[in-house]
Amino acid sequence: MKKKILYILVTLLTGMLLSTQTKAQLGSDDAETGCGASEFSLGLLFSPPWAQNHEYLFDILDKEGYYTTSDSLDYIVYRIPIKLFVYKRSKNPLVTDEVIKTYIQELNHYNLLNRTGIVYYLNDRPEIETNDRKARLGYYLEAPWISLWNYERGCVNVHIAEYINKGKGTVRGTYNYATKSAFVKANSSSTSLAHEIAHHFDLLHPHRHWKRGKMRQESVDRNRKIKFSLFRHGRNCDNNGDKLCDTQAEPNLTNFVNKQCEYTGTNTDNWGDAYHPETNNIMSYPTYRDCRNEFTPSQIAVMLAAASKSRHASGWKVKNKGQNVNQQLNFDFNEPDNTLKMATEFKMGERQWHSFHSIYKGKRKKSAVDVCDWVRVYIADNKPVTLRLVSAQAAMPTVSLQAFNSSEKLVSTESADAYTITIPSGFEGQTVYIKITNKSKNPYSDYYLEWVK
Ligand SMILES: [Zn+2]
C-alpha cells in the first residue's frame, strides 16, 4: 500500500514536471495537430546506451537477425500484448469492434512492413469505460490519472478517447511517460497507434528541439560535430533531435508537406543548411499523416533495445539467437477475432490458418488462453455450405462450432464429428458468422479452416 501511495506521489510530481517541460519546450509546435507526446522522457533523461553509439544499435540489429532474415514473418522477435481502454460517448463506445480490428491490423501492418521485429495482439477484450464524461480527456491531469488507475502490467496500455484536450487545442494522440500509457484519438490516422506505441519503446520525434539554438538543434549536416562538453561528444545528429543519424534533421513538418507527400518548406538550420527531410517517417508530423509508413533501422534497433530492457521481455520474446521460443504466443494475423464484429472474412475455396495461443498476463499472473475465433462467410447461392477444421502443426483443439446470422441468431451447430459445420440453404446473399470456441485447456493449439462445399 505504502508503495502504491509513493508511486502515486511520484507520478503526480512527474506529471507536473512533464507539464511544465512540455510547455517550455514545445511552445505551440504540437497544438491541434501533433501527437502531443512530451519531448521529455524520464528514461531518456539519462543518456540511453545507444546515444552517441551507433555500433550498439547495429549490434542489436545484427544479434536479432535483422540483416539475415528477409521475410518479415520469420523475423518476429517480440509478440507483445496490448490492453485497450475504449471510452463512450452518448452511451456508445467511440470505436466499434470492427474499427478495433483495423487498428491492431494496421499496427501490425506497419511493423511487418518495416520488419521492426515486434508485433502486437490484444491481451483481452477491450475494456469499455462506462462513464460517458470521460471520453474527452484533459492532457495534463485526466489522462495521467485515468491511465494510472487503469494500468495493466505486462502489456502496452492504450486509451482510445474522443479528444485529448491540450490548452486551447486538441492532440491526435499522446504518450504519457509517467504512466507509460498511450492515448489515441478515435478515428485518427492508420499510423497513429504505431507512432504512440513507438514512444513507449523510447522513440523520439525527429523534429525534437528544431526551434532551439546550436546546442540543442539537430543539424542537417550528418557529419557536424557537437560542441564539446563534459557529457556530450561526437556528431550532432547522435546527440540532438531524436539522437539518430539515419532520420534526417527536420522542422516540424505539420505545415510543410503537400498532398503528394513532398516537402515544401524552405527553412534552414542554425548553420544555414536547407532541410531536405523524408516525409514518410512514422515518428514525424507530415501535414498528411497518410504519408507516413517508415521506421528506419536505427529506430527499429531502439525499439528492440527498449523491449529487451523491459522486465516483461522474457514473456514477450519469441526468438532467441535465431531459435523460436515461447511458441505458445504464436497468434495468427486474422486476429483480433474474438467477437462477431471482429470476424475475419473467409472466402469460398479458402484454407485459413488459425491458432489458439497463450496470452501473457505479466509476471504475477498465470497466462490466459485465447478463447474463440470468429469468421464470416458470404453465402452466394441457395445451397448449403460446409466448413471443416483440420489439424495443423501443433495440437488440434477441442472445439464447438456455431453459425449465426447477422442478428446473432443461432442457425446451425457442429456435426457429430465436432469438426464440421453445415450452414443450411436459405441464406443466399447473406453473411453468416461462425464462432469456433476453444474448449481445450492446451496453452497452444492450431488448425486450418477449410471450405468443403
Ligand atoms: Zn509523438
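This passage describes the strands, helices, cores and selected loop residues of a predicted model.

Strand 1, which spans residues 78-86, is mostly covered, and nine of its nine residues are buried. Burial extends to both faces of this strand. On one side lie Y78, I80, I82, L84 and V86, and on the other R79, P81, K83 and F85. In a regular strand, side chains alternate between the two faces of the sheet. Strand 1 pairs in the parallel sense with strand 4 (residues 118-122) over five bridges, and within this pairing I80 stands opposite Y120. A parallel pairing over five bridges also links strand 1 to strand 7 (residues 156-161); here K83 stands opposite N157. With strand 5, strand 1 forms a parallel pairing over two bridges, in which F85 stands opposite E127.

The chain continues from strand 5 (127-128) towards strand 6 through a loop that contains E129. With 20 other C-beta atoms within 10 Å, E129 is buried. The C-alpha atom of E129 is separated by 6.0 Å from that of V86, although the two residues are 43 residues apart along the chain. V86 is itself among the buried residues of strand 1.

Strand 6 belongs to an open sheet of three strands, arranged in the order 6-8-9 with mixed pairing. The edges of this sheet are strand 6 (136-138) and strand 9 (169-170); each has a single partner strand, so one side of each is left without a neighbour in the sheet. Strand 6 runs parallel to strand 8 (residues 163-166), to which it is joined by three bridges. In this pairing, R136 has Y163 of strand 8 as its bridge partner. Helix 5 (residues 142-149) packs on the sheet and touches both strand 6 and strand 8. The direction of helix 5 makes about 105° with that of strand 6.

A second open sheet consists of five strands in the order 14-18-23-20-21, again with mixed pairing. Strand 14 (344-345) and strand 21 (410-413) occupy its edges, and each has a single partner strand, so one side of each lacks a neighbour in the sheet. Strand 20 (residues 399-404) pairs with strand 23 (residues 430-438) in the antiparallel sense over six bridges. The bridge partner of F404 in strand 23 is Y433.

The largest nonpolar core comprises 66 residues, and those with the most contacts inside it are I160 and M303. Helix 8 gives the most to this core, contributing eight residues. When neighbours within four places in sequence are left aside, M303 is in contact with T116, I118, A198, F201, D202 and L203. Another core lies apart from the largest one and has 21 residues, including F346, V385, L387 and V399. In soluble globular proteins, nonpolar side chains tend to be buried together.

Helix 8 (residues 297-309) also meets helix 3 (residues 54-63): the axes of the two helices come within 9 Å and cross at roughly 75°. This crossing makes helix 3 roughly perpendicular to helix 8. From helix 3, the contact involves L57, I60 and L61; from helix 8, it involves P297, S298, I300, A301, V302, L304 and A305. The residues of this contact divide into nine nonpolar, one polar and no charged.

Several loop residues have notable backbone geometry. K180 is not a glycine, yet has a positive phi of about 55°. This residue lies in the loop between strand 10 (173-176) and strand 11 (181-185), and is partly exposed, with 16 other C-beta atoms within 10 Å. K321 likewise has a positive phi, near 50°, in a residue other than glycine. The loop that holds K321 runs between strand 12 (319-320) and strand 13. K321 counts as exposed, with 8 C-beta neighbours inside 10 Å. A cis peptide bond, with omega about -5°, joins E335 and P336. P336 is placed in the loop between strand 13 (323-324) and strand 14, the latter being one of the edge strands of the five-stranded sheet.

Definitions and conventions: Residues numbered from 1 in each chain as written. Predicted model: local features only at pLDDT ≥ 70, side-chain atom pairs only at ≥ 80, totals over all residues. Axes fitted to C-alpha atoms, helices over the stretch in contact; angles between N-to-C directions. Helix = DSSP H or I, 4+ residues; strand = E, 2+ residues; numbered from the N terminus. Parallel < 35°, antiparallel > 145°, perpendicular 65-115°, else oblique. Contact = placed C-beta atoms within 7 Å. Nonpolar A, V, L, I, M, F, W, Y, C, P; charged D, E, K, R; others polar. Core = buried A, V, L, I, M, F, W, Y, C linked by C-beta atoms within 7 Å. Buried ≥ 20, exposed ≤ 12 C-beta atoms within 10 Å, placed from the backbone. Pairing = 2+ DSSP bridges.
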